[in-house]
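Reader: I'm new to reading protein models, and I keep getting lost in the ribbons. Could you take me on a close look at one part, the place where two helices cross, and then show me what sits around it?

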Amino acid sequence: MTERILFLNGTIAEDSWFDDDVTPQLFKEELNSGSGNITVWINSPGGDCVAAAQIYNMLMEYKGDVTVKIDGIAASAASVIAMAGTKVLMSPVSMLMIHNPMTIAFGNAGEMEKAIAMLDEVKESIINAYEIKTGMSRAKLSHLMDAETWMDANKAVELGFADDILKRSETTNMEVPQVSMMYSKAQVVNSLMDKLATKCRIENKETNTGVKADDLLDRLFLMKNWR
């Protein structure tokens, strides 16, 4: 039986207004239109985490091998779907990104607290998918999500989010560069603040003008702790 190919391109949403989103219903119809092993090509910036959870469950329950191939980006909710692959392969030029879930809330302090509690639970459910695939500790995964972590193909394989890197046919003997890259927005911000704080200390010591530099230093550390 010929292996079927499905494409998950675009934003993931519960409903599609302009037929340019991936919805659980549309994906279910395509998934159930045949049988046998499938390959799912993913190029998506993410979207609705509940819709993504539905698609993830469909692939986990599918009766057949599911090969996920990331050819562009699998970010946010799309990275969760990718974890449902029996095997996950990434293009040498693709990216995978994980971060904390987000929402929009309106109301009083009680409503804000409910929103925060909901986000905490959603994060735990997302970590479940990453943990099953990578075998990494929940604490480490939580830290990577806090930092909004971007991974190239080699780093994703190294950390267990992917199994291998897409290559040309064996006859071409193409070698994939082994450079492993990971970008964390939080680490960049922290590094910049550390450099500014060091600069403040030096200028404060040399000029002995104290007050303004100390005030700036305090503000930098406050920003770092509450970014």
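**A crossing and its surroundings**

Author: Let's start right at the crossing: helices H4 and H5 pass each other in a right-handed way. Their axes come within 10 Å and cross at roughly 115°. On the H4 side, the contact is made by Lys123, Glu124, Ile126, Ile127, Asn128, Tyr130, Glu131 and Thr134, and on the H5 side by Arg138, Leu141, Ser142, Met145 and Asp146. Sort those residues by character and you get five nonpolar, three polar and five charged. Keep in mind, as you click around, that this is a predicted model.

Now pick one residue from that contact, Lys123. It lies in helix H4, which runs over residues 109–134. Is Lys123 buried or exposed? It is buried, because its relative accessible area is 11% and the cut-off for buried is under 20%. Setting aside residues up to four places away in sequence, Lys123 touches Asn100, Pro101, Ser142, Met145 and Asp146. Ser142, Met145 and Asp146 are on the H5 side of the crossing, so you can follow Lys123 straight across from one helix to the other.

Stay on H5 and find Leu144, which is found in that helix. Leu144 is buried, with a relative accessible area of 3%. Leaving out residues up to four places away in sequence, it touches Ile98, Met136, Thr149, Leu159, Phe161 and Met182. Here's a fun pair to pick out: Leu144 and Asn100 are 44 residues apart in sequence, and their C-alpha atoms are 9.0 Å apart in space. You've already met Asn100, as one of the residues touched by Lys123.

Keep walking along the chain. H5 covers residues 138–146, strand S8 covers 149–152, and Glu148 sits in the loop between them. Glu148 has a positive phi of about 50°, although it is not a glycine. There is another residue like this elsewhere: Ser76 has a phi near 55°, also positive in a residue other than glycine. Ser76 is in the loop between strand S5 (66–75) and helix H3 (77–82), and it is buried, with a relative accessible area of 18%.

Back to S8, where you'll find Trp150. How does Trp150 count, at 24% relative accessibility? It counts as partly exposed. Not counting its neighbours within four places in sequence, Trp150 is in contact with Ile73, Met95, Leu96, Met97, Met181, Met182 and Tyr183. Met182 is also on the list for Leu144. As for distances, the C-alpha atoms of Trp150 and Ile98 are separated by 6.8 Å, with their positions 52 residues apart along the chain.

One of the residues Leu144 touches, Phe161, leads us to the core. The largest nonpolar core has 47 residues, and Ile42, Leu59 and Phe161 touch the most other members. Helix H2, residues 49–61, gives the most to this core, with six residues. If you're wondering about the general pattern, nonpolar side chains in soluble globular proteins tend to be buried together.

Leu59 is a good one to zoom in on. Ignoring residues up to four places away in sequence, it touches Phe27, Leu31, Ile38, Val40, Val66, Ile81 and Ala84. Phe27 is in helix H1 and is buried, with a relative accessible area of 2%. Beyond four places in sequence, Phe27 touches Leu6, Leu8, Val40, Ile55, Met58 and Leu59. The C-alpha atoms of Phe27 and Met58 are separated by 9.0 Å, although these residues are 31 apart along the chain.

That brings up a second helix pair to set beside the one we began with. H1 (residues 24–31) and H2 pack at an angle of about 15°, with their axes 9 Å apart, so they are roughly parallel to each other. Pro24, Phe27, Lys28 and Leu31 in H1 meet Ala51, Gln54, Ile55, Met58 and Leu59 in H2. The residues of that contact divide into seven nonpolar, one polar and one charged.

Finally, zoom out. The chain has eight helices and ten strands, and 39% of its 227 residues count as buried. Among contacts with a separation of 6 or more, 67% join residues 24 or more positions apart.

Notes: Residues numbered from 1 in each chain as written. Predicted model: local features only at pLDDT ≥ 70, side-chain atom pairs only at ≥ 80, totals over all residues. Heavy atoms only, no water. Core = buried A, V, L, I, M, F, W, Y, C linked by side-chain atoms within 4.5 Å. Buried < 20%, exposed > 50% of the residue type's maximum accessible area, 1.4 Å probe, protein only. Helix = DSSP H or I, 4+ residues; strand = E, 2+ residues; numbered from the N terminus. Contact = heavy atoms within 4.5 Å. Axes fitted to C-alpha atoms, helices over the stretch in contact; angles between N-to-C directions. Parallel < 35°, antiparallel > 145°, perpendicular 65-115°, else oblique. Nonpolar A, V, L, I, M, F, W, Y, C, P; charged D, E, K, R; others polar. Left-handed = near helix turned anticlockwise from the far one by under 90°.
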